[in-house]
Amino acid sequence: MNRRRLLTALAGLGLTGGSLLAVSQGLPGGSDGLSVRVETVDAAGSEAGQLGLPVRGQPVTVVDLFATWCAPCREQMDALGAVHREYGDRAAFVSVTNERVGGTLTRADIREWWQRHDGNWTVGLDPESALMAALGADGLPYLAVVDRSGTVRWEHAGLVDADTLGDRLDRHLEA
């Protein structure tokens, strides 16, 4: 067996082993729907800990992907706040950043940004971008409405106004 065939065979074994591991442990956002855990931050409306998405016991979860450096994400907070005030008792709201805490960004920075932009629901961290990958999000801000089974019922990249998000929630809260 020449060297090329040996390397090809070893690469094939590695891919097969990785596939078996993925099948045995599941992938976020697989065919069973969205299922991702995020670390949550102690901030207004949010407690430090872990949270599974979609949020258990809620008919729908509004997932907001943001970053503290993202100017449109600051604008999105106004619409999210308005919709949260109207629907917060009927739907879970979770905003998640994939920024890495440490170095120049701290949890206190996120907490301060959250307070400055009137966030009052769960805020979380996803430094490995598992949630972003599971949603297939390719930009920020990014919004999704996920039902209790983890099925993504609606998603949007970019800014969304409060009326549009409220309309989407009405459709899926009635379903």
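Q: What is a salt bridge, and how many does a search of the whole structure find?

A: A salt bridge is a side-chain nitrogen of Lys or Arg within 4 Å of a carboxyl oxygen of Asp or Glu. In this structure, which is a predicted model, a search of the whole structure finds six salt bridges. One of the pairs in the model is Glu39 with Arg107, whose side chains meet in a salt bridge at 2.5 Å, N to O. This pair links distant parts of the chain, with Glu39 in strand 1 (residues 36-40) and Arg107 in helix 3, 68 residues apart.

Q: Which residues form a salt bridge within helix 3, and by how much of the helix are they separated?

A: Glu112 forms a salt bridge with Arg116, and the closest N and O atoms of the two are 2.6 Å apart. Because they are four residues apart in helix 3, Glu112 and Arg116 are separated by about one helical turn.

Q: How should I read the words buried and partly exposed for residues that form salt bridges?

A: The words rest on relative accessible area, where buried means under 20%, exposed means over 50%, and partly exposed lies in between. Arg153 and Asp147 make a useful case, as they form a salt bridge with the closest N and O atoms 2.8 Å apart. Arg153 has a relative accessible area of 45%, so it is partly exposed, whereas Asp147 has 12% and is therefore buried. In the pair from helix 3, Glu112 counts as partly exposed at 40% relative accessibility, and Arg116 counts as partly exposed at 49%. For the pair that links strand 1 and helix 3, Glu39 is partly exposed with 27%, and Arg107 is partly exposed with 35%.

Q: Where does Asp64 lie, and is it buried or exposed?

A: Asp64 lies in strand 3 (residues 60-66), and it counts as buried because its relative accessibility is 2%. Leaving aside neighbours within four places in sequence, Asp64 is in contact with several residues, among them Gln76, Leu80, Val96 and Tyr142. A residue can also be compared with another by two kinds of separation: Asp64 and Leu140 are 76 residues apart in sequence, and 9.0 Å apart in space, C-alpha to C-alpha.

Q: What can be said about His117, which lies in a loop?

A: The loop that holds His117 runs between helix 3 (107-116) and strand 5 (122-125). His117 has a relative accessible area of 14%, and is therefore buried. Not counting residues up to four places away in sequence, His117 touches Arg74 and Met77.

Q: Which residues form the negative surface patch, and where does the largest share of them come from?

A: The negative surface patch is formed by Glu86, Asp161, Asp163, Asp170 and Glu174, and its largest share, three residues, comes from helix 5 (residues 162-174). Asp170 lies in that helix 5, and it is partly exposed because its relative accessible area is 30%.

Q: How do these details fit into the protein as a whole, and what pattern does it follow along the sequence?

A: The secondary structure comes to five helices and seven strands, and, read along the sequence, the protein follows the pattern α-β-β-β-α-β-α-β-α-β-β-α. Of the 175 residues, 38% count as buried. The accessible surface comes to about 9800 Å², and 49% of it belongs to carbon and sulfur atoms. Among contacts between residues at least 6 apart in sequence, 67% join residues at least 24 apart.

Definitions and conventions:
Residues numbered from 1 in each chain as written. Predicted model: local features only at pLDDT ≥ 70, side-chain atom pairs only at ≥ 80, totals over all residues. Heavy atoms only, no water. Patch = residues over 30% accessible without salt bridge, like charges linked within 9 Å, V, L, I, M, F, W, Y side chains within 5 Å. Areas by Shrake-Rupley, 256 points an atom, 1.4 Å probe, with all protein chains shown as cover. Lys, Arg positive; Asp, Glu negative; His and termini not counted. Charge placed at Lys NZ, Arg CZ, Asp CG, Glu CD. Helix = DSSP H or I, 4+ residues; strand = E, 2+ residues; numbered from the N terminus. Buried < 20%, exposed > 50% of the residue type's maximum accessible area, 1.4 Å probe, protein only. Contact = heavy atoms within 4.5 Å.
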